[in-house]
Amino acid sequence: MVASEAPIVRVDQLSEHVGSAVRLRGWLSAHRAGKKVQFLELRDGTGVAACVLAAQDAPETFEAARALDQECCLTLTGTVQAHPKKPGVCEVLVSDLEFRPTVGEYPITPKEHGTDFLMDHRHLWLRSKRQHAILRIRHSIIKAVRDFFDSRGFTLIDAPIFTPNACEGTSTLFETRYHEETAYLTQSGQLYMEAAAAAFGKAYCFGPTFRAEKSKTRRHLAEFWMVEPEVAFMDLDGDMELAEQFLEYVVGRVLEERRPELEVLERNTAVLESVKAPFPRISYDDAVARLAQLGQTVAAEDDFGAEHETVLSQQFDRPVIVHRYPKACKAFYMKADPTRPNRALCMDVLAPEGYGEIIGGGQREDDLTVLESTINAHHLPPEAFEWYLDLRRFGSFPHSGFGLGIERTVAWLCGLSHVRETIPFPRLLNRLRP
Ligand code: 4AD
Ligand code: MG
């Protein structure tokens, strides 16, 4: 066979071609050149192929290959053979190669780079083994999220990105022009999912959401992806049950599908294995008492800070659900606990190991008059919520739902200390590029 007629294969198909000539296309991720042998690593997105080029087999190609730069694009032809020492691993004996030289030197080298430098080169950094592993895990999480709801009778209803009103408080709104009026980038699709729940019973949306977070933290992005189920006739208990079954499922799928990637990240998977429902449930008031014993004070009627969540979650071997936070520190749409009106029928799921709140949700206020007065009390413009109040005028119904932040979930499952690596192109307080 003429070399150039060899079939084009992907790195993950090499083991099916032992003994044959193939062509591989990809990028040069590593190169070691000796006098008689050169070792090349070709990365194509499906894996990394170890390729050996011997001077005696292909003298011209051998000389040409000396000029290869890291990350140049190359096509090489060679024979696949089983690795002499590593069972199950293939290598390619190169007979010919073509490449497109790089323009200048590849900026990311094996030496340590600072995070800012790597973030500035995010478009190239994505090629690294760790980033590749993280984003493959992200993909599996998203697929599992969809499969969970799709297989349980939920209808996917996409929420809009341009919105006329706030959902999660006015302090983190991104304002933008919308023709002649002002609009905001959505903070949450929830209000639209409430409309969808009345039309479909069980609905969910999954899309990007935006918060103009003014502080730099390791848990906050300006643009993040959220999945938000909403279910008619489900109360807070049902909501907590749905959340724990959902998380158990997503974690299980990642463990099933992404062992090699978790290994690249050196993730301790034993702690993920214990993510099984039911999760411990604790009321806000009990959590405050527990935190006090652990030397953490929470200001009266205040939400938890990152430190509180971390300390609390460290008490449990799986996610913990905290319910019934003070109404005063939560969003306007939350229903008050009928037995304690200053507590909301809401819940947060805190991930273990200090990854903080990954889910927020609860039961929604379904009384028109009460909702009208909370909209007022929160100083929200009533006109913008007229459509939302219609859901209470025409067939008001008990309903609940929640939102899971994808990036915090990726950070937790991958064991990353910061959310910036959990999304392909992060948008942070000081980062709009690349
Ligand atoms: O608790 P939050 O603000 O709840 C809502 O938006 C509800 N409307 C959801 C609902 O009930 N349908 O946000 C939900 C989750 C958080 O638990 C967190 O995982 C994530 O969204 N999240 C963020 N993730 C990254 N960066 C940010 N700035 C985030 N803000 C919230
Ligand atoms: Mg929240």
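Here is a short chat about a predicted model and its ligand 1.

Reader: Before we start, what kind of model is this?
Author: It's a predicted model, where local features need pLDDT of at least 70 and side-chain atom pairs count only at pLDDT 80 or more, while totals for chains, interfaces and linings use all residues. Residues are numbered from 1 along each chain as its sequence is written, chains are lettered from A and ligands numbered from 1 in the order in which they are written, and side-chain values use heavy atoms, with hydrogens and water left out.

Reader: Cool. How many residues surround ligand 1?
Author: There are 22, and the closest are Glu168, Gln190, Arg211, Glu228 and Glu357. To count, a residue needs a heavy atom within 4 Å of the ligand.

Reader: And which backbone atoms touch its oxygens?
Author: A backbone N or O atom of Ile358 sits 2.9 Å from a ligand 1 oxygen, and one of Ile359 sits 3.4 Å from a ligand 1 oxygen. Both are polar contacts, meaning pairs of N or O atoms within 3.5 Å.

Reader: Which strand gives the most to that shell?
Author: β18, with five residues. Strands here are DSSP runs (E, at least two residues), and helices are runs too (H or I, at least four), numbered from the N terminus.

Reader: New topic: how many aromatic pairs are there?
Author: 18. Rings of Phe, Tyr and Trp (its six-membered ring) pair if their centres lie within 6.5 Å; planes under 30 degrees apart are stacked, over 60 edge-to-face, the rest tilted.

Reader: Why is the Phe148 and Tyr249 pair called tilted?
Author: Their ring centres are 5.6 Å apart and the planes are at 50°, so the pair is tilted.

Notes
A polar contact is a pair of N or O atoms within 3.5 Å; within protein, one must be able to donate a hydrogen and the other to accept it, and residues adjacent in sequence count only if both atoms are side-chain atoms.
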